[in-house]
Amino acid sequence: MATHIISSCDMLVSLTGTPGTGKSTVSNLLRKRGYHVVDLNVMAIEKGFTIGYDKKRKCYIIDEERLSKYLEKDLSGREGITILEGHLSHLMKHLDIVIVLRCKPSELKKRLEEKGWSEDKIRENVEAEALDIILCEAVSLHRNRVAEIDTTTLSPTEVANKVEEILATRNIESYRPGKIDWLEEVFW
Ligand SMILES: Nc1ncnc2c1ncn2[C@@H]1O[C@H](COP(=O)(O)OP(=O)(O)O)[C@@H](O)[C@H]1O
Ligand SMILES: [Mg+2]
């Protein structure tokens, strides 16, 4: 993989994916293993980088530009690996690796139902996953630095192991996007 020189910390990683793909669960495991993981949603709200509240979706609208600029300063000079977690983390700048967690739409639906989400929010996210929205955004911004992990049949520990493997080797060859195609499942 080509080396990418960044202006902030040693290695800046985005752990992104449609809500329900397991970002927070995996992040908690990675924290326990000693990794520095930043929850971008929490940080954006704590630091006031919001530009309103979406009543329909019941969530804050985050000012990604200001969040990215803040991170650049906040992480400047930091050594080691920093993982930015959240469904907006791939929109940040200077990322060395972007890991997109994926989940088969039917399984994602189950996970979001178990979380007690509303039908509207479940549909919106299942559709977004089926259409590869986050993956496409990530690839258009970060090109060959994007990896994807299909979490459908993996346990959170197995997903965390794969993330660790990517971080340790800095090699995303076996995780290059393109192998996953949910459309077969949607239009059967
Ligand atoms: N690999 C997995 N296999 C099965 N269920 C999972 C997996 N990862 C997460 N979950 C479950 O799916 C739900 C959503 O996970 P969460 O980590 O909150 O996703 P995200 O942070 O991406 O929105 C949780 O109830 C969690 O327990
Ligand atoms: Mg989460």
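This passage describes the ligand site, the pockets and the cavity of a predicted model.

Ligand 1 is surrounded by 13 residues. Gly20, Lys23, Ser24, Thr25 and Leu154 are the closest of these. By class, the shell around ligand 1 holds seven polar residues, three charged and three nonpolar. Helix 1, which spans residues 23-32, supplies the largest share of this shell, with three residues.

Three side chains make polar contacts with ligand 1 that can be described in turn. In lysine 23, a polar side-chain atom lies 2.8 Å from an oxygen atom of ligand 1. For lysine 115, an N or O atom of the side chain is 2.9 Å from an oxygen atom of the ligand. Arginine 111 faces another kind of atom: an N or O atom in its side chain is 3.4 Å from a nitrogen atom of ligand 1. Taken alone, ligand 1 exposes 550 Å². The protein buries 76% of that area.

The space taken by ligand 1 is the largest pocket of the model. This pocket has a volume of about 1100 Å³. Its lining comprises 39 residues. Pro19, Lys23, His87, Trp117 and Asn125 lie nearest the centre of the pocket. Several elements give two or more residues to this lining. They are helix 1, helix 2 (40-46), strand 4 (59-62), helix 5 (119-130), helix 6 (133-142) and helix 7 (156-169). The lining of the largest pocket divides into 16 nonpolar, 12 polar and 11 charged residues. Lys23 thus appears in two settings: among the closest residues to ligand 1, and among those nearest the centre of the largest pocket.

The second largest pocket contains about 200 Å³ of space. Lys56, Arg57, Lys58, Trp117, Ser118, Asp120, Lys121 and Glu124 line the second largest pocket. Six residues of this lining are charged, one is polar and one is nonpolar. Trp117 belongs to this lining, and Trp117 is also one of the residues nearest the centre of the largest pocket.

Enclosed space was examined as well. One cavity of 30 Å³ or more was counted. The largest cavity holds about 50 Å³ of space. It is lined by 10 residues, of which Leu12, Ser68, Leu71, Glu72 and Lys93 are the closest to its centre. Helix 3, residues 64-74, gives the most to the lining of this cavity, with three residues. Five residues of the cavity lining are nonpolar, three are polar and two are charged.

Notes. Residues numbered from 1 in each chain as written. Chains lettered and ligands numbered in written order. Predicted model: local features only at pLDDT ≥ 70, side-chain atom pairs only at ≥ 80, totals over all residues. Heavy atoms only, no water. Near = heavy atom within 4 Å. Polar contact = N/O pair within 3.5 Å; in protein donor to acceptor, adjacent residues only side chain to side chain. Areas by Shrake-Rupley, 256 points an atom, 1.4 Å probe, with all protein chains shown as cover. 1 Å grid on protein atoms, 1.4 Å probe; cavity = no way out; pocket = protein on both sides within 12 Å on 5 of 7 lines; lining within 4 Å. Sits in = over half its atoms within 2 Å of the grid points. Helix = DSSP H or I, 4+ residues; strand = E, 2+ residues; numbered from the N terminus. Nonpolar A, V, L, I, M, F, W, Y, C, P; charged D, E, K, R; others polar. Points joined across faces, edges and corners; volume = space filled by probe spheres on them.
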